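Good morning, colleagues. I would ask you to keep the sequence and the coordinates in view while I speak.

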Amino acid sequence: MIPGEFDYTRPGDIGAVLRVLKEREGEAKVLAGGHSLLPMMKLRLSMPTVLVDLRGLSGFDEINETDDGLSIGALATHRQILVHPVIASYPMLTDTAGGIGDPQVRNWGTIGGSCAHADPYSDWPAVLLATNASLVCRSEEGERVIGARDFFIDSFATAIEPTELLTEIRFPKRPSGAGGAYRKLERRAGDFASVGVAARLRLDGGKIADAGIGLAAVAEMPIAATDAEAVLTGATPDEVTFRAAADAAAAQSRPVTDGHGPAEYKRAMVAEMTMRALRLAHERAAAFS
């Protein structure tokens, strides 16, 4: 199919982008990599009357380590994240960026586009939930910082207002004794997740001081497995604890039967992928103590 009619603009600065979003409130869609938006426009599942191309902006793909953690510009591509030297200290992000799509998708697709699109089968949202990341949105009225657990509100729906642009993702600083991992089940290499699990652990005194678990592709939206987090926090990091947490994550998931597999199979795979992610996160946390 072909998309409906729309206007096209490619502003050269953030101010111009925000003006268009305000003037055409509710009508505009922003274009970053385009791998998610353009197919939906061709199917007429999305029908903006104006397309705002962000490729004229500069400085919004920067990756920097700050005193508070890691800042990634929303226009940073998966490839830029994968190869950036700072990301080596955040292996969960390397896991994620390296498993997205094929080289073309990684070279064009952006972390901001993935988060703003909020496809429940995409990888980055689960990672943001597990790490308690924050997302920065800008409008002509100013800047707003939204926690990841308040950002994803439904299938393909986020807390971004129509006049706002997602500009930055902030990950908390990785403390000593912390480690994370992302593991996903996919039908073929580079495919959307059939089940995705992001796990984060922080060890202190032989116990799990705190934990984060994010799930992809097993509910109508990306979700945090809060029941599994409760099992892990304060517990000894061993196979018994990990199994209990994995079972809790599976029980909290809400998969549906679709082309990726039956619901019960997916629920069983939530438990398996959670176990794998927790084992690797524990290994990395112990090495980072």
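I shall take the sheet, the hairpin, the cores and a helix pair in turn.

Please bear in mind that this is a predicted model.

Let me begin with the sheet. It is open and consists of three strands in the order S1-S3-S2, with parallel pairing. Strand S1, residues 7-9, and strand S2, residues 28-31, are the edge strands, each pairing on one side only. From one strand to the next, the twist averages 25°. Between S2 and strand S3, residues 50-53, there are four bridges, and the two run parallel. Within that pairing, Val30 stands opposite Val52 of S3. Helix H1, residues 14-23, packs on this sheet and touches S1, S2 and S3. The direction of H1 makes about 165° with that of S3.

I turn now to the hairpin. Strand S6 covers residues 134-139 and strand S7 covers residues 142-147; they pair in the antiparallel sense over six bridges. Two residues make up the hairpin connection from S6 to S7. Which residue in S7 is the bridge partner of Ser134? That partner is Gly147.

Next, the cores. As a general remark, nonpolar side chains in soluble globular proteins tend to be buried together. Here, the largest nonpolar core has 73 residues, and among these Ile72 and Phe171 touch the most other members. Helix H11, residues 263-287, gives the most to this core, contributing 10 residues. Leaving aside residues up to four places away in sequence, Ile72 touches Glu62, Ile63, Ile81, Ile87, Leu93, Ile111, Glu168, Ile169 and Phe171. The two residues named for the most contacts within the core, Ile72 and Phe171, therefore also touch each other, given that contact means heavy atoms within 4.5 Å. There is also a second, separate core of 14 residues, which includes Val20, Ala32, Leu57 and Phe60.

Finally, the helix pair. How do H10 and H11 lie relative to each other? The axes of helix H10, residues 239-252, and H11 come within 8 Å and cross at roughly 140°. Only angles over 145 degrees count as roughly antiparallel, and H10 and H11 are therefore oblique to each other. The crossing of H10 past H11 is right-handed. On the H10 side, the residues that meet H11 are Glu239, Phe242, Arg243, Ala245, Ala246, Asp247, Ala249 and Ala250. Their counterparts in H11 are Arg267, Val270, Ala271, Thr274, Met275, Leu278, Arg279 and His282.

Key. Residues are numbered from 1 along each chain as its sequence is written. This is a predicted model: local features need pLDDT of at least 70, side-chain atom pairs count only at pLDDT 80 or more; totals for chains, interfaces and linings use all residues. Side-chain values use heavy atoms; hydrogens and water are left out. Two strands pair if DSSP finds at least two bridges between them. A nonpolar core is a set of buried Ala, Val, Leu, Ile, Met, Phe, Trp, Tyr and Cys residues joined through side-chain atoms within 4.5 Å. Buried means under 20% relative accessible area, exposed over 50%, partly exposed in between (1.4 Å probe, protein chains only). Axes are lines fitted to C-alpha atoms, for helices over the stretch in contact, and angles run from 0 to 180 degrees between N-to-C directions. Angles under 35 degrees count as roughly parallel, over 145 as roughly antiparallel, 65 to 115 as roughly perpendicular and the rest as oblique. A crossing is left-handed if the near helix is turned anticlockwise from the far one by less than a right angle, and right-handed if clockwise.
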